[in-house]
Amino acid sequence: MKEMNEIRVGESIVGLRDNLVRSAILPKTSGELERDVNVQENVRVEGPVYARNLIIDSGPAEFLCAVYAHNELHIKNDAEKTVFFRKAVASSGSIVSLLIKGRCIYGSDITAGSVKLKNCFVAGSIFANEIQVENGVILGGCFASKKLTLHNVITGTFNAPEVNAGGINYLLYPTAFSAEPMAALPGTEFYNITLADLGSLYKGEAEKPNTGKIRLDMETDMQRTVLVDANDAKILLHSYSVAGRVLVSDLLNMKDLENHFLLISASLDSQILKTYSLQKADGASEDLTVPKIASFFFNVLGGKIRIGDLSGSIPFDELRQKYL
């Protein structure tokens, strides 16, 4: 890998291949605002990046600081290996990462006019007018001001005026929202994994009792909620929640599940100074790194790691001890 300490001024396009870029790729003159950046393969950029268009042909590629593409950030469909953005990524136009072979890891939030992702992991949230995610993991939430499309996705939550869904999907938090009723393709399934024992599964151990996934019925579990702001303007939202059915949640110590360690370690990876780990029953430890956490959630999404179903039956004695 050839080290570059400075990007030459005056180029209309910066091409990077087998390069370690120590400096920032930022415009110094108005003319450089129109400069494109093309990452071909095997590139590591340690400074922040600004480009009119950021085009990535293939990985491995790693960006250690924030990235902004004015028109478009585009990772080619046939890109191989991993593209890793450790901090926030934004665009006034679009962010497109529809990957067939490789994988992209976004270590923080994504903000753009339009976001289209496939085979991508987002440790933060997505904010855009329109969001399309296929076979992806978003640990935060998908917040679209116009339209959201999900197909085989794990996401923390979502909120959008219009939501279309297909495939098998999972929610990490108890509730999600849409302005209009969700439109789902035949065979679409939603599961809530708030009470799944992700920590034990991550360590390769058996799940704890009274934990597991809860299947959502998008009709019976949907509730209409009216919100009123300070000006008495009313907003109608449809919420999809398991909160009313999760009676067992009060009988669990959520800290024992260790789910929060996975979510926090992924979202704060670029801000913490050490690697944390989960201790196994035999005394060994499993490191909590973003690539490992991403691989774990993709194994859940792909069915390699199976989450058991949460039992709906609770012994009466347990309820009596809890509430009486």
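In which sense do β9 and strand β11 pair, and over how many bridges? The two strands pair in the parallel sense, over five bridges. Strand β11 covers residues 110-118, and its lysine 116 stands opposite valine 96. The model in which this pairing appears is a predicted one.

Strand β9 has another partner as well. Strand β6, residues 67-75, runs parallel to β9 and is joined to it by four bridges. One pair of residues can be picked out here: isoleucine 75 has serine 97, in β9, as its bridge partner. Strand β9 itself spans residues 94-98, and because four of its five residues are buried, it is largely enclosed by the rest of the structure.

These strands belong to a larger set. The protein has 23 strands and five helices. It is built from 324 residues, of which 46% count as buried. Contacts also link parts of the chain that are separated in sequence: of those between residues at least 6 apart, 32% join residues at least 24 apart.

The buried residues lead on to the nonpolar cores. In soluble globular proteins, nonpolar side chains tend to be buried together. The largest nonpolar core in this model has 57 residues, and the members that touch the most others are Leu54, Phe63, Phe85, Tyr106 and Phe158. Strand β13, residues 126-160, gives the most to this core, namely 12 residues. Leucine 54 can serve as an example of a core member. Apart from its neighbours within four places in sequence, leucine 54 is in contact with nine residues that can be listed in full: Val37, Val39, Phe63, Val67, Ala69, Glu72, Leu73, His74 and Phe85. There is also a second, separate core of 29 residues, which includes Leu139, Phe297, Phe298 and Leu301.

Helix α4 contains some of those residues. The helix runs over residues 290-302, 13 residues in all, and reaches 18 Å from its first C-alpha to its last, close to the 18 Å expected at 1.5 Å a residue. Its buried residues are Val290, Ile293, Ala294, Phe296, Phe297, Phe298, Val300 and Leu301. After α4 comes glycine 303, which has a positive phi, near 90 degrees.

Charged side chains can be buried too. Glutamate 62 is located in strand β5, residues 61-63, and is buried, with a relative accessible area of 16%. Its side chain makes a polar contact of 2.8 Å with the side chain of arginine 44 and another, of 2.6 Å, with that of arginine 86. Both arginines appear among the residues that glutamate 62 touches, which are Val43, Arg44, Val45, Phe84 and Arg86 when residues up to four places away in sequence are not counted.

Arginine 35 is another buried residue, with a relative accessible area of 3%. It is found in the loop between β2 (13-21) and β3 (36-45). A polar atom of the arginine 35 side chain lies 3.4 Å from the backbone oxygen of leucine 26. Arginine 35 and tyrosine 50 are 15 residues apart along the chain, and their C-alpha atoms are separated by 8.6 Å.

A loop residue may instead be exposed. Proline 186, in the loop between β17 (183-184) and β18 (189-192), is exposed, with a relative accessible area of 82%. In sequence, proline 186 and glycine 166 are 20 residues apart, while in space their C-alpha atoms are 7.6 Å apart.

Two cysteines remain to be considered. A disulfide is a covalent bond between the sulfur atoms of two cysteines. How many disulfides does the structure hold? It holds zero. The sulfur of cysteine 104 has its closest cysteine sulfur in cysteine 120, but the distance is 4.8 Å, so the two are too far apart for a bond. Seen from the other side, cysteine 120 is in no disulfide, and its nearest cysteine sulfur is that of cysteine 104. Are these residues buried or exposed? Cysteine 104 counts as buried, at 0% relative accessibility, and cysteine 120 is buried with a relative accessible area of 2%.

Notes
Residues are numbered from 1 along each chain as its sequence is written. This is a predicted model: local features need pLDDT of at least 70, side-chain atom pairs count only at pLDDT 80 or more; totals for chains, interfaces and linings use all residues. Side-chain values use heavy atoms; hydrogens and water are left out. A disulfide is a pair of cysteine sulfur atoms within 2.5 Å. Buried means under 20% relative accessible area, exposed over 50%, partly exposed in between (1.4 Å probe, protein chains only). Two strands pair if DSSP finds at least two bridges between them. A polar contact is a pair of N or O atoms within 3.5 Å; within protein, one must be able to donate a hydrogen and the other to accept it, and residues adjacent in sequence count only if both atoms are side-chain atoms. Contact means heavy atoms within 4.5 Å. The expected span of a helix is 1.5 Å times one less than its number of residues. A nonpolar core is a set of buried Ala, Val, Leu, Ile, Met, Phe, Trp, Tyr and Cys residues joined through side-chain atoms within 4.5 Å.
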